[in-house]
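Student: Can we go through this one together? I'd like to know what stands behind each label.

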Amino acid sequence: MAITHPLDPLQPQELRLAVSLLKDSLPGIPLRFKTIEVQEPAKKDVVPYVEAERLGELLPQAPARIVHVLFHRQDTGAHCHALINVDNSCIISQGDLPEHSQSHADVDEMVEIEKICLEHPAVIAEIEKLRLPAGVKVCVDPWIYGTDDPNERRRLFQCLVYLSTVDHPQANHYSIPCTFSPVFNGVTKELVRIDYLPTGTEHATAETQPWTPVPAVEYAHDLLGTPLRTDLKPYIVQQPEGPSFQINGQVVSWQKWRFRVGFNYRDGMVLYNVTFDGRNVFYRLSVSELTVPYGDPRAPFHRRHPFDIGDLGLGIICNQLQLGCDCLGHIKYFDGFRPDSHGEAVCIKNAICLHEQDAGLLYKHTNYRNNQATTVRNRQLAVQMMVTASNYEYIFAWILDQAGGIELEVRATGIMSTIPVDDAGGSSLPWATNVGPGVAAPNHQHIIAVRIDPAIDGFNNTVVYEDSVLMPDSADVPNPYGCGYIAKTSVIEKSGHADTNTDTARVFKIRNDSILNRVSGAPVAYKVQTLATQPIIAAPGSIHRKRTGFAEHAVWVTKYRDGELYAAGEYTNQSLESDGVENWAARDEDVVDTDVVFWHTFSLTHNPRPEDFPVMPAERISVHLKPSGFHEKNPALDVPPSHQSFNKSACHL
């Protein structure tokens, strides 16, 4: 089976072969497929290949293509996994998942649970108690179940029930949550119980009562009942000569950058083998985990703690992007593939978009003596993916600039998860914000982990941090006026963690100690402008805290090992504790001048506003990776200056 590169995404023929081999190995046994994904080859086997590719040398033999499959046996209900060599058409291994482990939820499963819930007699009986008027529709969102019972083995879904008062494809059912929540077994499809939801500060619950009609807060334009703005003129991004990037399969070349676009079910978008001007910079860049612990202290809301990457997978919930809507300009799209529950290949059209954008000035200086100016605009290249996790949307973009910088931009939008509230007399909950009649949005955090696998001029690197501190006044180096300060460097010698420090403007650097910058005399490096955001708020010992060990610190440094890709561990669905980066960091390994991985955790603490409903204006947060002594001077000096003859702007009169 001919594949052009060992890091290419899953191909439909590989998927079909894996399904065929597994079905043949288990004749007559019905299988439900969860994941069919390429297992990344061992790094030691890939590096010689990508280095030969970078240097234009003869390519060695590519590593074998191994596919990892997660599936359910429908006869026993067992959760299983298998490794398959698709080059040789053989199964390498096959067995059950580790005890307590649950694979992620798939699209078909969520749809099935919703249908079963709405058709179950006990749920129908609850709906009848609402005494709904004609035309009101019941909607269900199945949620990944955050268990707090160490003895729980079942695959459970907590169904959140809402009402929609209009027949419209974009009706906002999140505006009218119901006060009961069925729990279903995802394997047997049996009803486990019906939880009744508290609606006040007390934790007490009550049986379902007849619904008192309230108007929904809608966001669809033709449901607003108010006219749209008419004073917005078209904004058209044109590139009459086409884009400045070149595409060869999954490889992107733009300005001095070259990298490979990857895609898998869990990370979604991945950047591989990132080089600048022919020099290695990063081996692999990805968003490793995204979890949302909610701050509602009442049962069953205390279990609301989804891991949108580990429980679902960004490559499964990603949007099929639309030209002229999600991205503007001259767009290159990359498709992705995933299996459905029957093992059929599903093409995700336009899963990733790539385009150029203007980002203001890259640099400018005016000689005030003669008013002569050098002005260069900042052209950027954005590689972007958007996902929908039930109610929320997230937008992820790796943005490369002409001066060797890379930005990871994350935007949160969509609809907040809502809860019913007894707002008689205008009462409210201290951990939530009322956003409509009978509906509130609880406080929550979006906690994100980014995984940076560096290759700063080579694959052996060292992580340090620099603190800007007052220089002491000493006889050797006087500081008599008290204004001198220095950048104090601390080397992270053992695997472990570190934290941000705004008091010292702490900056982390990944450097190659074997190569010195000829101008500064310091090792070549990239700095990571980490975000000083709030760590997880949940109390020590809480289930939220136990499952989110990676959120305890802003930075983790580990020694590279194959397979250690996800900050919260491999299996987060219904996990009882984290099994990820904090355990790998605790190995106390030497991490100086070796193959290291840099992990950064940051968060958006979201205490909702009424203005965030019924659909949230995008909230933006970003992390920057910038060369720091990697070059001897500004690497963008050769970018042409900006001129009106090139940009063709118009003067408004």
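Tutor: Sure, we'll take the cysteines, then a tyrosine, then the cavities.

Tutor: This is a predicted model, where local features need pLDDT of at least 70, side-chain atom pairs count only at pLDDT 80 or more, and totals for chains, interfaces and linings use all residues. Residues are numbered from 1 along each chain as its sequence is written, and side-chain values use heavy atoms, with hydrogens and water left out.

Student: What makes C327 and C353 a disulfide?

Tutor: The rule asks for a pair of cysteine sulfur atoms within 2.5 Å. Between C327 and C353 the S to S distance is 2.3 Å, so the pair meets the cut-off. The count by this rule is one disulfide. The link is left-handed, with -65° about the S-S bond.

Student: Where in the chain do C327 and C353 sit?

Tutor: In distant parts, 26 residues apart: C327 is in the loop between α6 (314–317) and β14 (332–339), and C353 is in strand β15 (residues 345–367). Helices (H or I, at least four residues) and strands (E, at least two) are DSSP runs, numbered from the N terminus. C327 and C353 are both buried.

Student: How do you know that C318 is in no disulfide?

Tutor: The nearest cysteine sulfur, that of C347, is 10 Å away.

Student: Why is C318 called buried, and what is C347 called?

Tutor: Buried means under 20% relative accessible area, exposed over 50%, and partly exposed in between (1.4 Å probe, protein chains only). C318 has 9% relative accessibility, so it counts as buried. C347 has 29%, so it counts as partly exposed.

Student: What does UniProt list for Y392?

Tutor: An unreviewed UniProt entry lists "modified residue: 2',4',5'-topaquinone" there. UniProt positions are given in the numbering used here, feature names are shortened, and annotations may be inferred rather than shown by experiment. Y392 is in strand β17 (residues 392–400). Its relative accessible area is 3%, so Y392 is buried.

Student: Which residues does Y392 touch?

Tutor: Contact means heavy atoms within 4.5 Å. Not counting residues up to four places away in sequence, Y392 touches ten residues' worth of neighbours, among them Y294, H444, H446, H606 and M616.Student: How many cavities of 30 Å³ or more are there?

Tutor: Four. On a 1 Å grid over the protein atoms alone, a cavity is a set of points where a 1.4 Å probe fits but cannot get out. The largest has a volume of about 100 Å³.

Note on methods. On a 1 Å grid over the protein atoms alone, a cavity is a set of points where a 1.4 Å probe fits but cannot get out, and a pocket is an open set with protein on both sides within 12 Å along at least five of seven lines; lining residues have an atom within 4 Å of a point. Grid points are joined across faces, edges and corners, and a volume is the space filled by probe spheres set on the points.
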